[in-house]
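Hello,

Here is the structure I promised to pass on to you. Have a look at it first, and then read on for what turned up in it.

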Amino acid sequence: MKRLLTILLLGFYVPVCAQTKADDVKTFTLKNGMKFLVLEDTSIPNANMYLFYKVGSRNEYPGITGLSHFFEHMMFNGAKKYGPKMFDQVMEFNGGANNAYTTQNVTVYTNWFPVSAMETIFDLEADRISSLSIDPKMVESERGVVLSERSTSLENSPWSLLGDAVNASAFQEHPYHWTVIGYENDIKNWTKDDLEKYFKTYYAPNNCVVVVSGNVKVDEVKRLAEKYIAPIPSGPQPRPVHLVEPPQTGERRVMVQKEVPTPYMMIGYHTPEAKHKDYYSLSILSSILSSGNSSRLYSSMVDQKQLATMVSTDFSESFDPNLFQFYIQAAAGSKESDIEEAVYDEIKKIMNDGITAQELQKVKNQKVMEFYSQLETINGKSNNIGTYEVFFGDYRKMFDAPAEYSKVTSDDVKRVANEYFKKSNRTVGILKTNAED
Amino acid sequence: MKTAIKYIYSALTIVFISAAAVAQTKPAAFKVPVYQKFSLSNGLTVYLMEQHEVPVISVSAIIPAGAIYDGSKSGLATLTAAGLQYGTKSYSKSKIEQDLDFIGASLNTYASKESSGLSSKFASKDAGKVLPILKEVLADPVFDKDEFEKERKRVLTSLQQAKQSPRNVINAYWDKFIFGSHVYGNSLTGSPETVGKFSIDDLKSFYTANYSPQGSAIAVVGDFNAKEMKTRLEGLFGSWKATAQARKNEAAVAITPVNGNRILLVNKEDARETTFLIGGIGIRRDNPDFVAIEVVNTVFGGRFTSWLNDELRVNSGLTYGANSRFTPLKNSGTFAISTFTANKTTEATIDKALQVLDSLHKQGFNDKTLASAKNYVKGQFPPRYETAGQLAGLLTQMFWYGFDESYINNFQSNVDGLTAAKSKEIINKYFPKDKLQFVLVGKSEEIRKVAQKYGPVTEKEIKADGF
């Protein structure tokens, strides 16, 4: 007890030696509206460029579900100066590598390169942003690639199947209803015209935030941005997503059949978007529940009651209100109803009694370590700076995050648990072998 | 779950996950930061490297206690490594978890094929709390019986769950198929049949026989003063007593060569796609051509524009990704082409993969391709050794495989030194042409005929015990 007290008295640990500060990030915005965030870091002779486009599956509608992700693939399939295959060939010849990912909210392009290749990277990006060309032959082979991507994810993880069903039930009007990869028949049927419209609507420079980190000079990044990107004209603001999910007024349950050794379960509660005041309290609640073996759910459900072999929670940043999710893998022989009850019991304890000062301090300490991990690599820096800029409206919020977490009180956590973890606000999904039960 | 990406580079373990480097201009040379190495009187090798960018410390330890020492008790090395955390002389399991979670520290203990390991990361101000725990986890575990029984129940379920995913288990089938009864064929996880019979005494005996400071190493990298850290580690780890005896090097036994193509077909009744590996014996980690092989493999299957990915994905849309990799160990290793495709395109995809392998041998590659691969490998190299954790891992790998910092420091010049003529030799010597080994996980009923086209087929059921 004495030792604990000492730690608590020290309060929040201030990261004095972390070298990167908010002021180290330099920003400029081109005339066409593309915003650049640059962080000089000489630790390795490399750099990266992360381009965050504010378009994801939430911008789609039935008929073109999955198009954001498919489009992400098409961005590698040829433009005016660099034709099909050349984007990758030129980048790799110059020592660079790339990837890209699409979520419900954003499409992010990632380039990793020796700093000597930076001008080439600007040239390649400028070419595809200004003059992508959609080759019908490439569209057809890319359909096969994406169908294989969809199938391999379903083949290798029951979570995809279950997660898709839970989202489809929890969201009945909002576009989070469908999956990022899209419906199989949409993948097979969208047209070149759909793709061209999508490009015009969402790939204007003013719909993109760019982060560059690594062994670069801000002035050089600026010079190259002016030379290659500034001449690309801006476009009209894309139409905002106007669909709002109506409040859920009763528990929803979905059952999915798949042959599995023990059931997989998900429980999702509607929770607010990243910019909402409750974001930090909910994020702490998620860690209290499932971060580490000393967390409430692990210690009760996996260790003591042995009802589950794995339990985790997820609450991530999102443009629109999304789900706070629980994932549980049942232990052999345990009943699904017992598992559900065990989760609700743990939730109820927090709703009634809140959390202890020690638990709160534990999570705050964990958040500081997370912050350090984000700063350990130039990729972590770019990804997180960009994420905070896009989802929270300001990259500085990344550096404020430890302080924001330190402000959260035990009462805040109790309050958000009561506000969001209501029976009528949840969707329960179960995937198991015998769905006739 | 909510994310879809351009490319999964590593559907499977990729060893040559490399990166690249420069074009015509010379990049700044990348060097291993200064470090020191010394031995304690009990034989433990210690590496220390200061890195002050963020106030964290990473620890990596390596112990000669991998799955090759399992004997008939398949999975024992893995359960023993996990068991290190079931409590120690002065800390119960829950005390370890509570203390480490409270300060946001991580701790993993695991077994791999040849060795077992520990990795940990924590804030530098917490070194005084964490290091004594790490010492006891390695040197003074008590192997609590109740905790073991709980873990075993979880493991038995997870072994069944793993078989739901071909990607999770194909490597275990592969190693068994390639190495047969050689200890490199041992699986890391074991099976319900073997794990179900373990007792806590098995873990204790495995620990006593295999965990010892002699032959082990610990690397500490991060925000600390090396002189103070040295004193601290001597005080802590100096009391770790040697118990394990010197053992026969079972991995040094010769591997039986194969006479021709062989196919293992693993039936997964509900499979909609076929997941497969094609290849054979690869290289040892101490192969003098290690770097050159990496460059050549980059062209063949080690990057997005590699011949395999270009042909199987970009040109034909048969798969989401195809790659090739060498997995080197101390005494041997494997080489494999790796991809997956829908049931009905299995034959077309295997044929194409074999054609690409054939053209590697027949055509070789031109100077431009070689230059591109060199640039790529050099350019993507530095981010592999950026964090304290990566550097700690590098130091323990250096210890294990007996290489030194010249691997890193001369990497660029070794890559540059590869000539077109030498790359031809590399292809001939290390990339198989015939006597190919195949492991296919998929729906036998639909792909059996296809499999038979390539050679004699052995069939297994994925639901059968083990690999």
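Which residue of chain A stands opposite I5(B) in β1(B)? It is Y101(A). Before going further, please note that this is a predicted model, in which local features need pLDDT of at least 70, side-chain atom pairs count only at pLDDT 80 or more, and totals for chains, interfaces and linings use all residues. Residues are numbered from 1 along each chain as its sequence is written, while chains are lettered from A and ligands numbered from 1 in the order in which they are written.

**Where the chains meet**

Y101(A) belongs with a pairing across the two chains: strand β4 of chain A (residues 97-102) and β1(B) run antiparallel and share two bridges. (Strands are DSSP runs of E with at least two residues, helices are runs of H or I with at least four, and both are numbered from the N terminus; two strands pair if DSSP finds at least two bridges between them.)

The contact as a whole takes 71 residues from chain A and 68 residues from chain B, where two residues are in contact if their C-beta atoms, placed from the backbone, lie within 7 Å. On the side of chain B that touches chain A, the elements giving two or more residues include β1 (4-5), α4 (145-162), α5 (166-179) and β11 (333-342) of chain B. The largest share, seven residues, comes from α4(B). That side of chain B divides into 29 nonpolar, 22 polar and 17 charged residues. Here Ala, Val, Leu, Ile, Met, Phe, Trp, Tyr, Cys and Pro count as nonpolar, Asp, Glu, Lys and Arg as charged, and the others, Gly among them, as polar.

**Inside chain A**

β4(A) also pairs with β5(A), antiparallel and over six bridges, and the two form a hairpin with four residues between them. One of the bridge partners there is W112(A), which is matched with A97(A). β5(A) has another antiparallel partner in strand β3 of chain A (residues 46-53), with eight bridges between them; L51(A) is bridged to Y109(A) in β5(A).

Is β5(A) enclosed or open? Eight of the eight residues of this strand (residues 107-114) are buried, so β5(A) is largely enclosed by the rest of the structure. A residue is buried if 20 or more other C-beta atoms lie within 10 Å of its own, exposed if 12 or fewer, and partly exposed in between, with C-beta atoms placed from the backbone. Both faces are covered, with T107(A), Y109(A), N111(A) and F113(A) on one side and V108(A), T110(A), W112(A) and P114(A) on the other.

F113(A) turns up again among the contacts of M118(A), which also touches A47(A), V216(A) and L224(A), not counting residues up to four places away in sequence. M118(A) lies in helix α4 of chain A (residues 118-131) and counts as buried, with 24 C-beta neighbours inside 10 Å. Its C-alpha atom is 8.0 Å from that of A47(A), although the two are 71 residues apart along the chain.

Helix α11 of chain A (residues 296-304) has L297(A), Y298(A), M301(A) and V302(A) as its buried residues. Seen down the axis of α11(A), they fall within an arc of 105°, so they line one face of the helix; the arc is that of the directions from the helix axis to the C-beta atoms. These buried residues pack against α10 (279-290), β9 (308-314) and α12 (336-353) of chain A.

**Chain B in outline**

Chain B has 17 helices and 13 strands. Buried residues make up 55% of its 467 residues, and its C-alpha atoms fill a box of roughly 60 × 55 × 45 Å along the principal axes.

Six of the strands of chain B form an open sheet with mixed pairing, in the order β2-β3-β7-β4-β6-β5. β2 (36-39) and β5 (106-111) of chain B stand at the edges, each with a single partner strand, so one side of each is left without a neighbour in the sheet. For β5(B) there is an antiparallel pairing with strand β6 of chain B (residues 116-123), over six bridges, in which N108(B) is partnered by S119(B).

Elsewhere in chain B, R325(B) sits in strand β10 (residues 322-328) and is buried, with 23 other C-beta atoms within 10 Å.

Happy exploring!
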